[in-house]
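Good morning, colleagues. Today I would like to discuss the aromatic contacts in one structure; please look at the display.

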Amino acid sequence: VQLVESGGGLVQAGGSLNLSCEASGRILRVNVMGWYRQTPGAQRHMVAFITDGGDSNYADSVKGRFTITRDNAKNTVYLQMFSLKPEDTAVYYCYTDRVITGLTSYESNLWGQGIRVTVSS
């Protein structure tokens, strides 16, 4: 199973960007999906996550500005980012804690390759 992100780039402060992450491979179900971000020299921090039932949670720094959604049929999670600030600049990583691949098989703690988001002031 692989996670592939898309949609990053450069945007001015106050602008918007949308990220997508698709899980591909032999998949029966994807459990929690989420986004983390990391700046140089810093730890990776949770941005938002969403369960397969649609319950979501956000870091305080992005509440009210970011929206996470998912399409279970497409095994895809989305992150809509509004009112972007320079401090949102980071590499964003897609994450899932568990992918069910068979009746008794699964893969855990999967990460995407990361996608850069740059917000200019």
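Is tryptophan 111 buried, exposed or partly exposed? This model is predicted, and in it tryptophan 111 has a relative accessibility of 36%, so the residue counts as partly exposed.

Let me turn to the ring contacts. Searching the whole structure yields 4 aromatic pairs. In one of them, the ring centres of tyrosine 36 and tryptophan 111 are 5.0 Å apart and the planes meet at 70°; because an angle over 60 degrees counts as edge-to-face, this pair is edge-to-face. The two partners come from distant parts of the chain, 75 residues apart: tyrosine 36 belongs to strand β5, residues 33–38, and tryptophan 111 to strand β11, residues 106–111. Tyrosine 36 has a relative accessibility of 22% and therefore counts as partly exposed.

Tryptophan 111 also pairs with tyrosine 95, in a tilted arrangement with 4.6 Å from centre to centre and 45° between the planes. Tyrosine 95 sits in strand β10, residues 90–100, and tryptophan 111 in strand β11, so this contact ties together parts separated by 16 residues in sequence. With a relative accessible area of 14%, tyrosine 95 is buried.

Which residues make up the aromatic cluster? Tyr36, Tyr93, Tyr95 and Trp111 form one cluster.

Finally, I come to a charged neighbour. Arginine 44 lies over the face of tyrosine 93, 3.6 Å from the ring centre. Arginine 44 likewise lies over the face of tryptophan 111, at 4.7 Å from that ring centre.

Methods: Residues are numbered from 1 along each chain as its sequence is written. This is a predicted model: local features need pLDDT of at least 70, side-chain atom pairs count only at pLDDT 80 or more; totals for chains, interfaces and linings use all residues. Side-chain values use heavy atoms; hydrogens and water are left out. Rings of Phe, Tyr and Trp (its six-membered ring) pair if their centres lie within 6.5 Å; planes under 30 degrees apart count as stacked, over 60 as edge-to-face and the rest as tilted. Helices (H or I, at least four residues) and strands (E, at least two) are DSSP runs, numbered from the N terminus. Buried means under 20% relative accessible area, exposed over 50%, partly exposed in between (1.4 Å probe, protein chains only). A charge sits over a ring if NZ of Lys or CZ of Arg is within 6 Å of the ring centre and within 35 degrees of the ring normal.
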